[in-house]
Amino acid sequence: MDNAKKNTKKAVIITITAVLAAALIIVPLVIIFTARKFSPIDFLMKEDLSAYVDVETIESMNYDELREPLKSGYDVFRVSITETYFGTSVYIEEGSTLDFTLSAELVTEKDGTTEYTQIELPDEYSKVIGYRPYSNKDNLFFDKALSQAGSEDDYGSYYLTRDSETEFNLTLPEIEAYGEYAGKTLRFTIKVTDYVARYIYLYNGSDNSVTVVSDWFCRTVAGITEKSSEKIEAGDIIIYDCTDKYKDGTKDEFKDLCLEVDGEYVEYFEGYAEGDTFSEDFGEVTTDFTVKAVFKRDDADEAIKKIGYDSAFDLREELRIWCYAVYSDGLTVIATENAEVLSYPEKLISVYTKLEDATWETEFRESAASFADTFGDDTALSSYGITGFETMEDYLDDLLKSHVETLVRELLVTYYLADDLGVLDELYARYEKSLEDYIESGDFSSRSEALESLYANGDEACIFYTNFISPILGVKYAGMVTGVPFAEYIADSYAS
């Protein structure tokens, strides 16, 4: 079994290059050559940034006061992820949200043919708003069927297409709630009218949000639930050790791994109990397992309610928000929002104005400018709901200027804080190693080609900030937050 799968559910890997390919805009060579005359990352790494920013020292933050701003930022982040990466594709995953219309037909077999008879669904099912897949145990049979409907992507996952109808068959459970249709097969037709993807955290070439949230969830549950001597069943949480033994005689040992037994892990662990050992042959590697603790699903559900969550889904949702807080600027933005920029370095402003002008919101800005050229500034400004500007060109110039200043502010503050915390140089060394591995694994012809695949403007300072500095600051600030019920179970993913 792959090392990366030992402490998490199997997840679809989304490579950075695959995710960003559609949005990537190659920076013109003239822009790159201009940027090389002045290196933003050299300036940010070597300059005394205290001359440009004044940051108030933060000793602690209260989670109760942070909940609402973090939730708001999380919701905005998810919407932006959806708009940027998913287009019309809809994935039925825990943490996603969708609106849809639903109709159904009764499926019957008669004289060797299949007949479909339209049935009327209750109003609450015919038009659904804000549906959260996998949030309600009673609907799991529906969610699982829906997740296997639609088209298959390059990674083996299924997706629906927004505003298009998709049909799928489903046999209803034999329970009283479904009346005359209990146990019967229905053909549903669903049309998703709105969709917000689950939280996605990209790091080191893959989406790590599923791994991180799953690990935090399992460790939280293990920390609040009594151990059980019963045999493992699907849905239980376990702690285990394992050793990978390779055919060349080498081995890797892993201690105190924690996971929820579902998916492929049911096959491996079901029926074992605390203290049991067993081995699995995965071809090139044989893995020895030792079960160290078992926490039953029902006991875990009760423990989750005792710490203030209605269900496992609600706890996971807060952990997804916390993952955003730590790894996607949530805490960093809040912690640094009072930072004052004393002055913007002209060289940084100049470089990023050129880079961002070639890469940032180009489609929108070109469309707005074209609209103004065709219909006139007054009509264009009115149509876009823009006030306070005489021409669309003035507005677009101001928009770019504001964006560039925001970007430069984020870079100045975060580089300053990383240096102040004494982690800047260490992070840069790890960044360099990670980039070397990325260039090799991606078979890029040059460093600049790899950088362009990682960030729209191809700028190294932005890539280092996004993938290393900001997440590490999030981890550091996490230790300053009080009142988090699961804080002690959150591990630093960058520790190794």
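Trainee: Why is R187 called buried?

Mentor: Buried means under 20% relative accessible area, exposed means over 50%, and partly exposed is in between (1.4 Å probe, protein chains only). R187 has 17% relative accessibility, so it counts as buried. Keep in mind that this is a predicted model, where local features need pLDDT of at least 70, side-chain atom pairs count only at pLDDT 80 or more, and totals for chains, interfaces and linings use all residues. Residues are numbered from 1 along each chain as its sequence is written, and side-chain values use heavy atoms, with hydrogens and water left out.

Trainee: What makes R187 and E105 a salt bridge?

Mentor: The term needs a side-chain nitrogen of Lys or Arg within 4 Å of a carboxyl oxygen of Asp or Glu. For R187 and E105 the N to O distance is 2.9 Å, so the pair fits the rule. R187 is in strand 10 and E105 in strand 4 (residues 97-110), so the bridge links parts of the chain 82 residues apart. Strands here are DSSP runs of E with at least two residues, helices are runs of H or I with at least four, and both are numbered from the N terminus. E105 has a relative accessible area of 14%, so E105 is buried too.

Trainee: How do you know that D241 and K255 meet in a salt bridge, and is each one buried or exposed?

Mentor: Their N to O distance is 3.8 Å, so the cut-off is met. D241 comes out buried at 12%, whereas K255, at 54%, counts as exposed. D241 lies in strand 13 (residues 237-246) and K255 in strand 14 (residues 251-260), so the bridge ties together parts 14 residues apart in sequence.

Trainee: How many salt bridges does the structure hold?

Mentor: There are 31. One of them joins E317 and R320, with the closest N and O atoms 2.9 Å apart. Those two are three residues apart in helix 10 (residues 312-327), which means about one helical turn separates them. Both E317 and R320 are buried. They also belong to a network of salt bridges whose members include E94, R132 and R316.

Trainee: What makes the charged end of R316 sit over the ring of F217?

Mentor: The rule asks for NZ of Lys or CZ of Arg within 6 Å of the ring centre and within 35 degrees of the ring normal. R316 lies 4.0 Å from the centre of the F217 ring. R320 does likewise with F313, at 5.4 Å from the ring centre.

Trainee: Why is the pair F77 and Y199 called tilted?

Mentor: Rings of Phe, Tyr and Trp (its six-membered ring) pair if their centres lie within 6.5 Å; planes under 30 degrees apart are stacked, over 60 edge-to-face, and the rest tilted. The centres of F77 and Y199 are 5.5 Å apart and the planes are at 45 degrees, so tilted is the word. F77 lies in helix 4 (residues 63-85) and Y199 in the loop between strand 10 (185-196) and strand 11 (202-203), so the pair ties together parts 122 residues apart. Y199 is buried, at 1% relative accessibility.

Trainee: What makes F464 and F468 a tilted pair?

Mentor: Their centres are 6.3 Å apart and the planes are at 45 degrees, so they qualify. They sit four residues apart in helix 18 (residues 460-478), about one helical turn. F464 is buried at 0%, and F468 is buried at 5%.
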